[in-house]
Amino acid sequence: MTGSNDTLLQSVWAAAIGPALALMQPRFYTPNAVHLLLAIGLQESGLCERCQIIDGGGKGPARGLWQFERGGGVVGVLTHPLTRTHAWDVCRERGVAATSQDVWARLESDDVLAAAFARLLLWTDGKPLPERNDADGGWALYAKRLWRPGKPHPERWPANFARAGRFVYGS
């Protein structure tokens with residue numbers, strides 16, 4: 001990446017996203033993909049929470065830094081015609097059975113698996129990824145087409161998208 005001093009994003013890049021992309025074909029590694037992975041991770045979990053926290057402090061149904069639900073994103077990536085084979089390959093590499101239950105359970109402790117599944121979910125969209133200055137396009141992909149969060153917090157998206165963009169592309 002650009003040498004940004006954003007230690008959180010550098011850490012997630014080095015420990016999760018970079019290794020996940022190394023497991024996949026080169027076509028999955030683009031700056032726009034890394035930008036969106038970081039922005040969505042910031043939006044979903046602050047790139048810190050690996051288990052969804054619901055009001056009152058209990059555990060919600062989403063797991064991993066990108067907050068995948070078992071019956072949603074996990075099943076989608078495992079079964080989508082564009083990602084199924086890739087997902088199964090990643091599961092084999094990470095030593096997890098390619099079942100929704102096993103993947104979902106592992107997402108809480110395997111950031112590489114979580115990053116790979118997040119990248120594969122982006123692949124299911126079938127449209128070109130938004131460009132570096134297209135925060136609205138990134139929001140539409142994240143909030144309206146792929147993750148569709150129950151509590152989307154649109155007020156946080158511009159800052160998260162910009163922060164991720166600075167890390168990937170520089171100022």
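Where is Arg148 found? The tour reaches that residue towards its end; the overall view comes before it.

**Whole chain**

Start with everything shown as a cartoon, and keep in mind that this is a predicted model. The chain has eight helices and three strands. Their order along the sequence is α-α-β-β-β-α-α-α-α-α-α. With a radius of gyration of 15 Å, close to the 16 Å given by the globule rule for 171 residues, the chain is as compact as a globular protein of that length. Reduce the view to the C-alpha trace: along the principal axes of the chain this trace spans about 40 × 40 × 30 Å.

Now switch on a surface. The accessible surface of the chain is about 8100 Å², and carbon and sulfur atoms contribute 52% of that. Buried residues make up 49% of the 171 in the chain. Among contacts with a separation of 6 or more, 62% are between residues 24 or more positions apart. Colouring by charge picks out 19 positive and 16 negative charges, whose mean positions lie 2 Å apart.

**Helix 1 and the loop after it**

Select Trp13 and Tyr29. The structure holds eight aromatic pairs, and these two residues form a tilted one, with 5.8 Å from centre to centre and 35° between the planes. Trp13 belongs to helix 1 (residues 7–22) and Tyr29 to the loop between helix 1 and helix 2 (31–45), so the pair ties together parts 16 residues apart in sequence. Are the two partners buried or exposed? Trp13 is buried, at a relative accessible area of 15%, while Tyr29 is partly exposed, at 42%.

**Phe68 and Trp147**

Select Phe68 and Trp147 next. This aromatic pair is edge-to-face, with the centres 5.8 Å apart and 85° between the planes. The pair links distant parts of the chain, 79 residues apart: Phe68 is in strand 3 (residues 68–69), and Trp147 is in the loop between helix 7 (135–146) and helix 8 (157–169). Phe68 is buried, with a relative accessible area of 3%. Trp147 is buried too, with a value of 12%.

Keep both rings in view and extend the selection. Which residues join Phe68 and Trp147 in one aromatic cluster? Trp139, Tyr142, Trp157 and Phe161 are the others in that cluster.

**Strand 2 and the loop to strand 3**

Move to Arg63, in strand 2 (residues 59–63). Arg63 counts as buried, at 8% relative accessibility; the cut-off for buried is under 20%. What does Arg63 touch, leaving aside neighbours within four places in sequence? Show Arg50, Cys51, Gln52, Phe68, Trp104, Leu107 and Glu108, which are in contact with Arg63. Phe68 in that list is the strand 3 residue that also takes part in the aromatic cluster.

From Arg63, step along to Gln67, in the loop between strand 2 and strand 3. Check its backbone: Gln67 is not a glycine, yet its phi is positive, at about 55°. Gln67 counts as buried, with 9% relative accessibility.

**The loop between helix 7 and helix 8**

Centre the view on Arg148, which is found in the loop between helix 7 and helix 8. Arg148 has a positive phi as well, of about 45°, and is not a glycine. Is the residue buried or exposed? Arg148 is exposed, at a relative accessible area of 54%.

Select Arg156, which lies in the loop between helix 7 and helix 8. Arg156 is partly exposed, with a relative accessible area of 36%. Add Tyr169 and draw a distance between the C-alpha atoms: the two residues are 13 residues apart in sequence and 20 Å apart in space.

**Back to helix 1**

For the final stop, return to helix 1 and select Ala14. Ala14 counts as partly exposed, at 47% relative accessibility. Add Val112 and draw a second C-alpha distance: Ala14 and Val112 are 98 residues apart along the chain, and their C-alpha atoms are separated by 9.9 Å.

How values were computed: Residues numbered from 1 in each chain as written. Predicted model: local features only at pLDDT ≥ 70, side-chain atom pairs only at ≥ 80, totals over all residues. Heavy atoms only, no water. Helix = DSSP H or I, 4+ residues; strand = E, 2+ residues; numbered from the N terminus. Rg over C-alpha atoms; globule rule 2.2 N^0.38 Å. Buried < 20%, exposed > 50% of the residue type's maximum accessible area, 1.4 Å probe, protein only. Contact = heavy atoms within 4.5 Å. Areas by Shrake-Rupley, 256 points an atom, 1.4 Å probe, with all protein chains shown as cover. Lys, Arg positive; Asp, Glu negative; His and termini not counted. Charge placed at Lys NZ, Arg CZ, Asp CG, Glu CD. Phe/Tyr/Trp six-rings, centres within 6.5 Å; stacked < 30°, edge-to-face > 60°.
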